[in-house]
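The report below examines a single protein chain, beginning with charge pairing and moving on to the overall fold and the packing of its helices.

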Amino acid sequence: QAAAQHHFGVDAADLTPLQAARLAAILPDPKDRSASAPTAYTRKRTRSIISGAETIAADGRADCFETRD
């Protein structure tokens, strides 16, 4: 929540997929990396994270991560 507000000015629930991937890309060093002003490395890592998420969604593994009511 704090990172979403700090970098993008939104609640965590309102992050776009790109914003969420950017936050993941700055880990494990969020003090020295920026999601809101990404370097080339952070942009490349973001693309990798998005690609992985798309692969997981396409092959059906995403069901493992969905919450059940």
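## Charge pairing and packing

Counting as a salt bridge any side-chain nitrogen of Lys or Arg within 4 Å of a carboxyl oxygen of Asp or Glu, one finds 1 salt bridge. This is a predicted model, in which local features need pLDDT of at least 70 and side-chain atom pairs count only at pLDDT 80 or more, whereas totals for chains, interfaces and linings use all residues. Residues are numbered from 1 along each chain as its sequence is written, and side-chain values use heavy atoms, with hydrogens and water left out.

The salt bridge joins Arg 61 to Asp 59, with 2.8 Å between the closest N and O atoms. Side chains of opposite charge can pair when their charged atoms come close. Both partners are classified by relative accessible area, where buried means under 20%, exposed over 50%, and partly exposed in between (1.4 Å probe, protein chains only); the table lists them together with a residue of helix α3.

| Residue | Relative accessible area | Class |
|---|---|---|
| Arg 61 | 43% | partly exposed |
| Asp 59 | 44% | partly exposed |
| Thr 46 | 2% | buried |

With Lys and Arg counted as positive and Asp and Glu as negative, His and the chain ends being left uncounted, and each charge placed at NZ of Lys, CZ of Arg, CG of Asp or CD of Glu, the mean positions of the 9 positive and 9 negative charges lie 11 Å apart.

As for the fold, the chain has 3 helices and 0 strands, these being DSSP runs numbered from the N terminus (helices H or I, at least four residues; strands E, at least two). The C-alpha trace spans about 35 × 25 × 20 Å along its principal axes, and 19% of the 69 residues count as buried. The exposed area of the chain is about 5100 Å², of which carbon and sulfur atoms supply 54%, as computed by the Shrake-Rupley method with a 1.4 Å probe.

Where is Thr 46 placed, and what does Thr 46 touch? Thr 46 belongs to helix α3, residues 40–58, and, leaving aside residues up to four places away in sequence, touches Leu 18, Ala 21, Arg 22 and Ala 25, a contact meaning heavy atoms within 4.5 Å. In helix α2 (residues 17–25), the buried residues are Gln 19, Ala 21, Arg 22, Leu 23 and Ala 25, and their cover includes α1 (2–8) and α3. Among contacts in the chain with a separation of 6 or more, 27% come from residues 24 or more positions apart.
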